[in-house]
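Please look over the sequence and the model below before reading on. The report that follows takes up a few features in turn, for a reader who is meeting them here.

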Amino acid sequence: MRFPKHRANCYLVMRYVTTAPASVVGVFPNPEAADNFAEACAQDFRDRGFTDDDFSFEVQMSTYYDA
């Protein structure tokens, strides 16, 4: 299998909650934007009364291929 020539890194913001499966909540073109979004999401959860033991947000890099 040949990979397409046009590709780019993308950064996924993953949400992990103790009562649900992991999910992608955002995709960004650079790590700074993904980190900022993950931090904003975490703060929103804290503001709603969740503790840091109930959830986590993590940035993971992936690759986008333009076929």
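How many salt bridges does the count come to? The structure is a predicted model, and in it the count comes to 2 salt bridges. Asp44 forms one of them with Arg48, where the closest N and O atoms lie 2.9 Å apart, and Arg46 forms a salt bridge with Asp52, for which the closest N and O atoms are likewise given as 2.9 Å apart. The residues that take part can also be described by how much of their area is accessible. Asp44 counts as partly exposed because its relative accessibility is 35%, whereas Arg48, at 54%, counts as exposed. In the pair of Arg46 and Asp52, Arg46 is partly exposed at 37% relative accessibility, and Asp52 is partly exposed as well, at 48%.

**The sheet and its helix**

The strands of the model form an open sheet of 3 strands, in the order S2-S1-S3, with antiparallel pairing. Strand S2, which covers residues 20-28, and strand S3, which covers residues 55-66, stand at the edges of this sheet, and because each has a single partner strand, one side of each is left without a neighbour in the sheet. From one strand to the next, the twist averages 30°. Helix H1, made of residues 31-47, packs on the sheet and touches S1, S2 and S3, while its direction makes about 150° with that of S3.

In general, the strands of a sheet pair through backbone hydrogen bonds, in either a parallel or an antiparallel way. Here strand S1, residues 6-17, pairs with S2 in the antiparallel sense over 6 bridges, and the pairing of S1 with S3 is also antiparallel, over 12 bridges. A hairpin that runs through 2 residues joins S1 to S2. Individual bridge partners help to place these strands against each other: the bridge partner of Val17 in S2 is Ala20, Arg15 stands opposite Ser23 in S2, and Arg7 has Tyr65 as its bridge partner in S3.

**Two buried residues of strand S1**

Which residues does Cys10 touch, not counting those up to four places away in sequence? Cys10 lies in strand S1, and it touches Val27, Phe28, Gln60, Met61, Ser62, Thr63 and Tyr64 when residues up to four places away in sequence are not counted. Tyr11 also has its place in strand S1; leaving aside its neighbours within four places in sequence, Tyr11 is in contact with a list of residues that includes Gly26, Pro29, Ala34 and Val59. The table sets out the accessibility of Cys10 and Tyr11 together with one C-alpha separation for each.

| Residue | Relative accessible area | C-alpha separation | Distance along the chain |
|---|---|---|---|
| Cys10 | 14%, buried | 11 Å to Glu32 | 22 residues |
| Tyr11 | 15%, buried | 6.2 Å to Pro29 | 18 residues |

Both relative accessible areas can be read against the cut-off for a buried residue, which is under 20%. Cys10 is therefore buried at 14%, and Tyr11 is therefore buried at 15%.

**A nonpolar patch on the surface**

Is Phe3 buried or exposed? Phe3, which is found in the segment before S1, counts as exposed because its relative accessibility is 53%. Together with Met1 and Tyr65, Phe3 forms a nonpolar patch on the surface, and the three residues named have about 420 Å² of accessible area together. Tyr65 thus enters the description in two ways, since it belongs to this patch and is the bridge partner of Arg7 in S3.

How values were computed:
Residues are numbered from 1 along each chain as its sequence is written. This is a predicted model: local features need pLDDT of at least 70, side-chain atom pairs count only at pLDDT 80 or more; totals for chains, interfaces and linings use all residues. Side-chain values use heavy atoms; hydrogens and water are left out. Two strands pair if DSSP finds at least two bridges between them. Helices (H or I, at least four residues) and strands (E, at least two) are DSSP runs, numbered from the N terminus. Axes are lines fitted to C-alpha atoms, for helices over the stretch in contact, and angles run from 0 to 180 degrees between N-to-C directions. Contact means heavy atoms within 4.5 Å. Patches are made of residues with over 30% relative accessible area and no salt bridge: like charges are joined within 9 Å, nonpolar side chains (Val, Leu, Ile, Met, Phe, Trp, Tyr) within 5 Å. Accessible areas come from the Shrake-Rupley method with a 1.4 Å probe; for residues, only the protein chains shown count as cover. A salt bridge is a side-chain nitrogen of Lys or Arg within 4 Å of a carboxyl oxygen of Asp or Glu. Buried means under 20% relative accessible area, exposed over 50%, partly exposed in between (1.4 Å probe, protein chains only).
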